[in-house]
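Open your viewer and get your selection tool ready. We will walk from one stop to the next, and at each one I will say what to pick and what is there.

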Amino acid sequence: MSSDNATPRRVLVWTALLFSVATFAVSWWHWWTFQYGTFDLAFYVQSLWLALHGKWMVSLLNVPLMGNHAEPIVFLLTPFFAICPHPMLFVAVQTLALASMPFTAWRIGLELKLERKAALLLALATVLTPATFSIGVYEFHPEALAAPLLLLLIEARLAGRYRWFWVWFVAVLAVKENMAPLLVMYCGVFAFLERKREGSWQLAWNVWPAVMAVAWLLIYSKVISPSFNAGNVDYLQLYGHLGNSPGDIIHKFFTEPHRVLNSLRGALLQGNMLPALLLPFLLLPLLRPHWLLIASPLLAQHLLSWRYSEWSLGAHYPAPFIALFWVAAAESLTKFRRQNYIAFAVLIACGVAHFFVGAVRGVIREVPGLSAMLEEREWKAQMISEIPPDASVTASLGFLSHLAKRENIISLHHILKGLKTLSIAAYTPPPPGDAVMIDYADVLTFNAVAGYYHPWSHLDATHSIPSSDRLLNDYLRQAQWVVTSRNSVSLLRRGTPPPLPPLAGEPIKIDERTTLTSMQITARLPGAWRIRTTWKFTGERLRYPWMILVLSDGKKLYPIIKGICVAEAGEGQFTEEWDVLFPNWMPAGYYSAFAEFYDGNLAVWEKKRPPEDQTFMFTLIQLTEGEIKPGDFTPPASGKK
């Protein structure tokens, strides 16, 4: 290896290594502590696990892998998953793919005749820009692979390596169906830019690749999607504000252009994706507008959607733009004399940008709560271990990827929403399986902004949908359950519940059909309590009270959420027990304890949560006073209360 290449290679290797370690460490921590907030990783884990068992229908979305998106590239991971069937294998592959970008970018810089130092500095920006780290720690999605694959495709074209060009072209197509229009635009733009080249060149590098991309898009839209999706995921609803059908959207683009303009204005003013992509590159991509034109099909797809995540940093959507905008910046840099200074400024801008956008700020904010998350992780993992590996399960988003290696698993957010994915069509869940695991503190499952968790609502002039609490109750009432509740997590397993004798108490009426007949602390340790409540429901339930335990040391309130009380109960009398583990973020001391019952559905929807806001409180009960020592589970001495 020449000395000219040794130093850049060492810098690239160390940068890629540091990026990989940091990204995978954060990703592992988020997964290990049940912080993942979508079903993406679980969907791909279940897809390949089923494929290895000769099955294709993925219960999480009720479609095969190719019925959600056209992502055949995922099947390349099958042999690796067979050897190492761990969910984080997907994230590891994604991390390594992103970490490869500086090497490809370095070679592209040399192909563009950048100064060597400038090429090296600019190459490092591919992983230092906030968008890359944000994508890297956002679970797993095949679209993240578009960034490194597009760079490899562009490098192959610059270097004139035709066979590799086709390898990477097909790989990009296999990432997701929306790569096809991007590649058609890529070929079209370069066909124009290279219009003076001979016809054979145009056919080889522009025409035939564009024909293949168009053919794949037609196969997906006319064959794959209609056959495998069957209306279970309705992506057209993302553009329902623009029209009722593709034809209607095109018609209204000309007759009611304000719809498109308003959508673009909202995405540009409220979202941060474009600034987060352009500003770290010092706006250099704007000097090469043909790359913006190439990106325009994907930009239109995301900026015209009503979904906030499509035009904001945080999900996988910016991945293709990282590659395209970086190449545009590199080409722009070739026009400047002081390339090294500008490239260094880009690198500094990428670093500074982390203070304003991206995932780094969120990771820093997590640091004070690491101990609490570690503590929660221990007992949550113990609860998950009680679910047999062959059991059919319904679970909150944070648990899905831990439970995905099974034939039947359902995301709780589908039950709560009551609608098919991205649709206004009613979702009819299959009968309840063997276990249901609910984390009522999971704000991404009980998410009002995304529409997963909602009160009784009108969908349109003629259709309405019950509240999420009612939908959950309807789902659970179909079976009998043995319930284990610990802090915010409830694990319901099929079976006949053991008899729990109700305790004497003063009845408290929540409404004309809901009565709390008794509530007592039946077991007490310094670091934990067991609380038993008895409820009586007369006729059909109208309300589904949530409970939160509020502890006060006279200076501060310490809330511990339970969630819905007896969510599985119908008419009659029901007794339940709740184990409260006092978290280590509570200092040991003397506390007053109150139980607050409230309308959790409206509290979440209206963003007026207790204990800070009492707007939707049903009743407040003073339970007891006494010493609490989090983490101390020593039984009291004999004869001592």
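Start by selecting Phe-192 and Arg-195: the charged end of Arg-195 sits over the ring of Phe-192, 4.2 Å from its centre. Keep in mind throughout that this is a predicted model. Then jump to Phe-537 and Arg-541, where Arg-541 lies over the face of the Phe-537 ring, 4.0 Å from the ring centre.

**Aromatic rings**

Now show the aromatic side chains. How many aromatic pairs does a search of the whole structure find? The search finds 36. One to pick out is Tyr-186 with Trp-291, a tilted pair at 6.3 Å centre to centre and with 40° between the planes. Tyr-186 belongs to helix α11 (residues 179-193) and Trp-291 to helix α16 (residues 289-303), so this pair ties together parts that are 105 residues apart in sequence. Are these two rings' residues buried or exposed? Tyr-186 counts as buried, at 2% relative accessibility, and Trp-291 counts as buried too, at 1%.

Next, select Tyr-162, Phe-165, Trp-166, Phe-169, Trp-201 and Trp-205 together; ring pairs link them into a cluster.

**Helix α9 and its partners**

Show helix α9 (residues 146-159) and helix α10 (residues 162-173) as cartoons. They pack at an angle of about 155°, with their axes 8 Å apart. That angle makes α9 roughly antiparallel to α10, and the crossing between them is left-handed. To view the contact itself, turn on side chains. From α9, pick Leu-149, Leu-150, Leu-152, Leu-153, Ala-156 and Arg-157. On the α10 side they meet Trp-164, Phe-165, Trp-168, Phe-169, Ala-171 and Val-172. Phe-165 and Phe-169 may look familiar, since they are also members of the ring cluster.

Keep α9 on screen and add α6 (101-111). The axes of α6 and α9 come within 9 Å and cross at roughly 25°, which means that α6 is roughly parallel to α9. This crossing, too, is left-handed. In α6, the residues to select are Met-101, Thr-104, Arg-107, Ile-108 and Glu-111. They meet Ala-147, Pro-148, Leu-151, Leu-152, Ile-154, Glu-155, Leu-158 and Ala-159 in α9. Leu-152 of α9 is listed in this contact and in the one with α10.

**A buried glutamate**

Step back along the chain to Glu-143, in the loop between α8 (130-136) and α9. Is Glu-143 buried or exposed? At 0% relative accessibility, it counts as buried. Which residues is Glu-143 in contact with, leaving aside its neighbours within four places in sequence? Colour these to see: Val-175, Lys-176, Asn-178, Met-179, His-302, His-316, Tyr-317, Ala-319 and Pro-320.

**Backbone stops**

Switch to a backbone view and go to Lys-113. Lys-113 has a positive phi of about 70° although it is not a glycine. You will find Lys-113 in the loop between α6 and α7 (116-128), and at 69% relative accessibility it counts as exposed.

Leu-283 is another non-glycine residue with a positive phi, here about 65°. Leu-283 sits in the loop between α15 (273-278) and α16 and is partly exposed, with a relative accessible area of 40%.

For a further backbone feature, select Pro-610 and Pro-611. A cis peptide bond joins this pair, with omega at about 5°. Pro-611 is in the loop between α24 (600-605) and β15 (617-628).

**Two last residues**

Pick Arg-259 in helix α14 (residues 257-270). Arg-259 is partly exposed, with a relative accessible area of 24%. Not counting residues up to four places away in sequence, Arg-259 touches His-241, Leu-242, Gly-243 and Lys-252. You can also draw a C-alpha to C-alpha distance from Arg-259 to Ile-249: they are ten residues apart in sequence and 9.5 Å apart in space.

End at Leu-89, in helix α5 (residues 88-99). Leu-89 is buried, with a relative accessible area of 15%. Beyond its neighbours within four places in sequence, Leu-89 is in contact with Phe-80, Phe-81 and Cys-84. For a last distance, join the C-alpha atoms of Leu-89 and Ser-485: they are 396 residues apart along the chain and separated by 32 Å.

Note on methods:
Residues are numbered from 1 along each chain as its sequence is written. This is a predicted model: local features need pLDDT of at least 70, side-chain atom pairs count only at pLDDT 80 or more; totals for chains, interfaces and linings use all residues. Side-chain values use heavy atoms; hydrogens and water are left out. Rings of Phe, Tyr and Trp (its six-membered ring) pair if their centres lie within 6.5 Å; planes under 30 degrees apart count as stacked, over 60 as edge-to-face and the rest as tilted. Helices (H or I, at least four residues) and strands (E, at least two) are DSSP runs, numbered from the N terminus. Buried means under 20% relative accessible area, exposed over 50%, partly exposed in between (1.4 Å probe, protein chains only). A charge sits over a ring if NZ of Lys or CZ of Arg is within 6 Å of the ring centre and within 35 degrees of the ring normal. Axes are lines fitted to C-alpha atoms, for helices over the stretch in contact, and angles run from 0 to 180 degrees between N-to-C directions. Angles under 35 degrees count as roughly parallel, over 145 as roughly antiparallel, 65 to 115 as roughly perpendicular and the rest as oblique. A crossing is left-handed if the near helix is turned anticlockwise from the far one by less than a right angle, and right-handed if clockwise. Contact means heavy atoms within 4.5 Å.
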